[in-house]
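User: I have a sequence and a model open here. Can you walk me through what was computed from them?
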Amino acid sequence: MTKTTPEQNKALVLEAFDTLFNKRDYEAAAHFWSASYIQHSAHIEPGRDGLFDLIRSSPDTLRYEHQLILAEGDYVIVYGRFRGNGQPAAWVAADVVRMEGGRLAEHWDVLQDEATEVESKSGRPMFGDRFPG
């Protein structure tokens, strides 16, 4: 079994997310996600197929961008935004991924609609340094 470092895991997760969410290259994405992938998200059907089917059914405008990524051992947390999701607001997400053998093996997430400047009680954007346009 392949053992990867936290830095390698971060690079793998970013490449995997770009391959699936932005490029929509399902064949290439299958190399990043374990065939026995465990999905904990309430809005996604089980396994790798559940995730891939969700993306297949999403608008072509869907794009993922990350702002922050952290890793410790086999766990990676990536903070990012899903724009063009067909909803009134983009989703800001904290995705937690457990890596195993150089592949994404398990996933949890926390999703929230991105607040506008009017909606933000703090007066600060949730993602990046400006509010959504």
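User: What does UniProt place at residues 15–107?
Analyst: The unreviewed UniProt entry puts the feature "domain: SnoaL-like" at residues 15–107. UniProt positions follow the numbering used here, feature names are shortened, and annotations may be inferred rather than shown by experiment. Residues are numbered from 1 along each chain as its sequence is written, and side-chain values use heavy atoms, with hydrogens and water left out. This is a predicted model, so local features need pLDDT of at least 70 and side-chain atom pairs count only at pLDDT 80 or more, while totals for chains, interfaces and linings use all residues.

User: How much helix and strand over residues 15–107?
Analyst: That stretch is 24% helix and 44% strand, and its end C-alpha atoms are 16 Å apart. Helices (H or I, at least four residues) and strands (E, at least two) are DSSP runs, numbered from the N terminus.

User: How many aromatic pairs?
Analyst: The structure holds 11. Rings of Phe, Tyr and Trp (its six-membered ring) pair if their centres lie within 6.5 Å; planes under 30 degrees apart count as stacked, over 60 as edge-to-face and the rest as tilted. One of the pairs is F17 with F21, which is edge-to-face at 5.2 Å centre to centre, with 85° between the planes.

User: Where do F17 and F21 sit along the chain?
Analyst: Both are in helix α1 (residues 6–22), 4 residues apart, so about one helical turn separates them.

User: Buried or exposed, F17 and F21?
Analyst: F17 is buried, at 3% relative accessible area, and F21 is buried at 6%. Buried means under 20% relative accessible area, exposed over 50%, and partly exposed in between (1.4 Å probe, protein chains only).

User: And Y79 with F127, why is that pair stacked?
Analyst: Their planes are at 25° and their ring centres 6.2 Å apart, so the pair counts as stacked. This pair links distant parts of the chain: Y79 is in strand β3 (residues 75–83) and F127 in the segment after β5 (103–113), 48 residues apart. Y79 is partly exposed at 25% relative accessibility, whereas F127 is buried at 5%.

User: Which residues do ring pairs link into a cluster?
Analyst: F17, F21, Y26, W33, Y37, F52, Y64 and F82. In addition, R56 lies over the face of Y26, 4.2 Å from the ring centre. A charge sits over a ring if NZ of Lys or CZ of Arg is within 6 Å of the ring centre and within 35 degrees of the ring normal.

User: Changing topic. What is the volume of the largest pocket?
Analyst: About 270 Å³. On a 1 Å grid over the protein atoms alone, a pocket is an open set of points where a 1.4 Å probe fits, with protein on both sides within 12 Å along at least five of seven lines; lining residues have an atom within 4 Å of a point. Grid points are joined across faces, edges and corners, and the volume is the space filled by probe spheres set on the points.

User: Which residues are closest to its centre?
Analyst: F21, H43, L54, I55 and F82, out of 21 that line the largest pocket. β5 gives the most to that lining, with 4 residues.

User: Last one: is L104 buried or exposed?
Analyst: L104, in strand β5, is buried at 1% relative accessible area. The C-alpha atoms of L104 and F32 are 6.1 Å apart, with their positions 72 residues apart along the chain.
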